[in-house]
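Trainee: I'd like to go through this structure with you, one step at a time. Can we start with the words we'll need?

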Amino acid sequence: MLKMAVLVSGGGTNLQAIIDSITNGTITNAEISVVISNNANAYALERARKHGIEARCISPKQYETREAFNEALLAAIQSYGVDLVVLAGCLVVIPEIMVKAYPNRIIKQDAFHQNSMRRERHLTRLFWRLFSPMV
């Protein structure tokens, strides 16, 4: 089972598309272990909770330096033992230490697919291309 951390900043429509794709079997052998936002008011956190997914806010405002925030974010993600980090509307600059910790295991899901059916097909193709040998 592919374990994912999904990083978000806002409403979570991309997160919802991923949740829906897993729920309806379009994306198989995958689960979202945690949703993390830099914004405590992000509706995406509520979406995650409604689906029984752990939701956390880790904000740069909580730390004295950007390096401290970067280390805390990475430590939080690593604590879930995830295989993949999905940036689903995440507005935080991904730190180099995270890129090094998850080489070729960070993907960005943009909101450019306007309707959920197109977004779902895009996600399915993306996961299939990247992870079909793993799943």
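Mentor: Sure, here's one to begin with: a residue is buried under 20% relative accessible area, exposed over 50%, and partly exposed in between. Keep in mind too that this is a predicted model.

Trainee: Then which class does N29 fall into, and why?
Mentor: N29 sits in the loop between α1 (13-23) and β2 (30-37). Its relative accessibility is 42%. Since the band between 20% and 50% is the middle class, N29 counts as partly exposed.

Trainee: What is phi of N29 near?
Mentor: N29 is a residue other than glycine, and its phi is positive. Just after α1 there is another positive phi, about 85° at G25. For N29 the value is near 55°.

Trainee: N104 has a positive phi as well, about 60°, although it is not a glycine. Is N104 buried or exposed?
Mentor: Find the loop between α4 (96-101) and β5 (106-109), as N104 lies there. Its relative accessibility is 79%. The cut-off for the top class is over 50%, so N104 counts as exposed.

Trainee: Let's zoom out. In what order do the elements of the chain run?
Mentor: The chain comes to 5 helices and 5 strands. Of its 135 residues, 46% are buried. Reading from the N terminus on, the order is β-α-β-α-β-α-β-α-β-α.

Trainee: How do the strands line up in the sheet, and which are the edge strands?
Mentor: The 5 strands make an open sheet with parallel pairing, in the order β3-β2-β1-β4-β5. On average, neighbouring strands are turned by 25° against each other, direction ignored. An edge strand pairs on one side only, and here those are β3 (54-57) and β5.

Trainee: Which residue in β4 is the bridge partner of V6?
Mentor: Look at β1 (residues 2-8) beside β4 (residues 84-88). These two strands pair in the parallel sense over 4 bridges. In β4, the partner of V6 is V86.

Trainee: Now the helices. How are α1 and α2 arranged, roughly parallel or roughly antiparallel?
Mentor: Two packed helices are described by the angle between their axes and the distance between the axes. For α1 and α2 (residues 43-50), the axes come within 9 Å and cross at roughly 20°. Angles under 35 degrees count as roughly parallel, so α1 and α2 are roughly parallel.

Trainee: How do the residues of that contact divide into nonpolar, polar and charged?
Mentor: The crossing of α1 and α2 is right-handed. On the α1 side, T13, L15, Q16 and I19 take part, and they meet A44, R47 and A48 in α2. By type, those residues divide into 4 nonpolar, 2 polar and 1 charged.

Trainee: And at what angle does α2 run to β3?
Mentor: α2 lies across three strands of the sheet, β1, β2 and β3. Its angle to β3 is about 160°.

Trainee: L15 came up in that contact. Why is L15 called buried or exposed?
Mentor: L15 is in helix α1, and among its contacts are V6, V8, I32, V35 and A88. Its relative accessibility is 0%. The lowest class is under 20%, so L15 counts as buried.

Trainee: How far apart in space are L15 and R47?
Mentor: In sequence, L15 and R47 are 32 residues apart. L15 touches R47, and it also touches A44 and A48. C-alpha to C-alpha, the distance from L15 to R47 is 8.1 Å.

Trainee: What about L91: buried or exposed?
Mentor: L91 is in the loop between β4 and α4. L91 and V8 are 83 residues apart in sequence, yet 7.3 Å apart in space, C-alpha to C-alpha. With a relative accessible area of 73%, L91 is exposed.

Trainee: Last one: which residues is V99 in contact with, leaving aside its neighbours within four places in sequence?
Mentor: V99 lies in helix α4. At 44% relative accessibility, V99 counts as partly exposed. Leaving those neighbours aside, its contacts are I94 and I106.

Methods: Residues numbered from 1 in each chain as written. Predicted model: local features only at pLDDT ≥ 70, side-chain atom pairs only at ≥ 80, totals over all residues. Heavy atoms only, no water. Buried < 20%, exposed > 50% of the residue type's maximum accessible area, 1.4 Å probe, protein only. Axes fitted to C-alpha atoms, helices over the stretch in contact; angles between N-to-C directions. Parallel < 35°, antiparallel > 145°, perpendicular 65-115°, else oblique. Left-handed = near helix turned anticlockwise from the far one by under 90°. Contact = heavy atoms within 4.5 Å. Nonpolar A, V, L, I, M, F, W, Y, C, P; charged D, E, K, R; others polar. Pairing = 2+ DSSP bridges.
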